[in-house]
Amino acid sequence: MSAHLVKTINELRELLKSRRTGKIGLVPTMGALHKGHASLIARSVKECDTTVVSVFVNPVQFGVNEDYDKYPSTLEADLSLCSKLKADFVFAPSVAEMYGENVKQGLHDDLLTTVCPPFRMVDRLCGKSRPGHFDGVATVVTKLFNIVSPDLAFFGQKDAQQVIVLKKVAKDLNIPVKIVTCPLIRDDDGLATSSRNTYLSASDREHALSISKMLFAIKKAFDAGVVDTEILFETGLSVLDKNAGLEYLEFVDGETLEPSKTAKKGDLVATAVKIGSVRLIDNIIL
Ligand code: AMP
């Protein structure tokens with residue numbers, strides 16, 4: 001059976017009506033699917049009776065100078081992957097279908113009701129350099145929750161801050177969904193799989209490999225007993241390729257995102273690095 005492509009909210013709601021006796025799983029994505037996404041979809045198919053994969057490049061979560069216009073789009077390939085994995089529906093609405101007219105890249109809070117997660121959770125890590133990003137993510141994911149009413153929703157540890165923030169949003173807004181965090185998937189060479197990896201040239205990719213090496217070096221030092229985050233920071237930095245531009249490398253509590261001065265088990269070490277113009281994120285749990 002191939003996955004059914006659905007473009008409108010009404011059609012999706014109609015199709016889901018007869019499925020509500022079983023569990024509905026939602027996997028929100030921006031498309032250009034890779035094996036990281038595939039792991040989430042496979043998990044939903046395994047745990048739920050119906051799986052909806054949304055493919056929507058959300059303009060509202062991109063800053064005005066970010067890569068919204070050139071974000072990769074591979075809908076045909078995405079559909080066949082979803083079919084192969086036995087997902088039921090691929091929901092790929094237009095921007096107008098999701099937001100009506102006039103909402104474009106960047107946050108348009110004069111046009112739109114938005115969901116704003118607590119500032120102290122988003123004023124750090126990715127949120128620091130991408131102001132408004134998590135408001136855009138929280139807004140679109142809340143809309144998807146309202147459209148699909150899933151029992152479970154699957155997100156990747158790759159976007160660690162995102163899943164923590166979304167759990168908080170669902171809790172605070174009493175959205176009856178169980179958010180499942182799925183493990184971060186890497187290529188064999190250690191690079192975290194990402195739709196943005198397609199932007200990397202062969203030499204960029206070589207430089208990008210130092211990102212996971214940096215995180216692995218930190219974990220190794222922590223496992224050997226180093227807990228001072230300044231020392232762990234320096235240990236990591238010494239491994240990062242000189243061609244890579246560090247945006248941040250932070251040690252935070254794995255549940256609250258509060259900064260850790262002394263590293264402890266379960267802490268999140270998260271980083272964003274620019275390789276040329278490509279911004280990549282990665283993280284590891286201590
Ligand atoms: P995106 O299409 O980048 O918005 O990602 C959609 C979902 O896939 C998010 O929950 C991501 O965390 C997850 N995801 C993306 N890359 C990976 C990966 N390498 N491992 C696990 N999950 C991932």
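This note sets out points on the ligand site, a set of paired strands and the cysteines of the structure.

1. Status of the model. The structure is a predicted model, and the remarks below should be read in that light.

2. The shell around the ligand. The ligand is surrounded by 17 residues, and the closest are M30, H37, D159, I185 and T193. By residue class, the shell is made up of 8 nonpolar, 7 polar and 2 charged residues.

3. Polar contacts of the ligand. Two of the contacts considered here involve the protein backbone. At M30, a backbone N or O atom is 2.9 Å from an oxygen atom of the ligand. At G156, a polar backbone atom also lies 2.9 Å from a ligand oxygen atom. D159 contributes through its side chain, where an N or O atom is 2.7 Å from an oxygen atom of the ligand. The ligand taken alone exposes 480 Å², of which the protein buries 93%.

4. Elements that form the site. Two or more residues of the shell come from each of β2 (24-29), α2 (35-47) and β5 (152-156). Helix α2 supplies the largest share, with 3 residues.

5. Strand β8 and its surroundings. Strand β8 spans residues 268-275, and 7 of its 8 residues are buried, so the strand is largely enclosed by the rest of the structure. Strand β7 (residues 244-252) runs antiparallel to β8 and is joined to it by 8 bridges. Within this pairing, A244 has I275 of β8 as its bridge partner.

6. The hairpin of β8 and β9. Strand β9 (residues 278-285) also pairs with β8 in the antiparallel sense, over 8 bridges. I275 stands opposite V278 of β9; this residue of β8 is also the bridge partner of A244. The two strands β8 and β9 form a hairpin with 2 residues between them. In the turn, G276 has a positive phi of about 60°.

7. Cysteines. How many disulfides does the structure hold? The count is 0. C116 is in no disulfide, and the nearest cysteine sulfur to it, that of C126, is 18 Å away. For C182, the closest cysteine sulfur belongs to C48 at 10 Å, which is too far for a bond; the cut-off for a disulfide is a pair of sulfur atoms within 2.5 Å. C182 has a relative accessibility of 2% and therefore counts as buried.

Notes
Residues are numbered from 1 along each chain as its sequence is written. This is a predicted model: local features need pLDDT of at least 70, side-chain atom pairs count only at pLDDT 80 or more; totals for chains, interfaces and linings use all residues. Side-chain values use heavy atoms; hydrogens and water are left out. A residue is near a molecule or strand if one of its heavy atoms lies within 4 Å of it. A polar contact is a pair of N or O atoms within 3.5 Å; within protein, one must be able to donate a hydrogen and the other to accept it, and residues adjacent in sequence count only if both atoms are side-chain atoms. Accessible areas come from the Shrake-Rupley method with a 1.4 Å probe; for residues, only the protein chains shown count as cover. Helices (H or I, at least four residues) and strands (E, at least two) are DSSP runs, numbered from the N terminus. Ala, Val, Leu, Ile, Met, Phe, Trp, Tyr, Cys and Pro count as nonpolar, Asp, Glu, Lys and Arg as charged, and the others, Gly among them, as polar. Buried means under 20% relative accessible area, exposed over 50%, partly exposed in between (1.4 Å probe, protein chains only). Two strands pair if DSSP finds at least two bridges between them.
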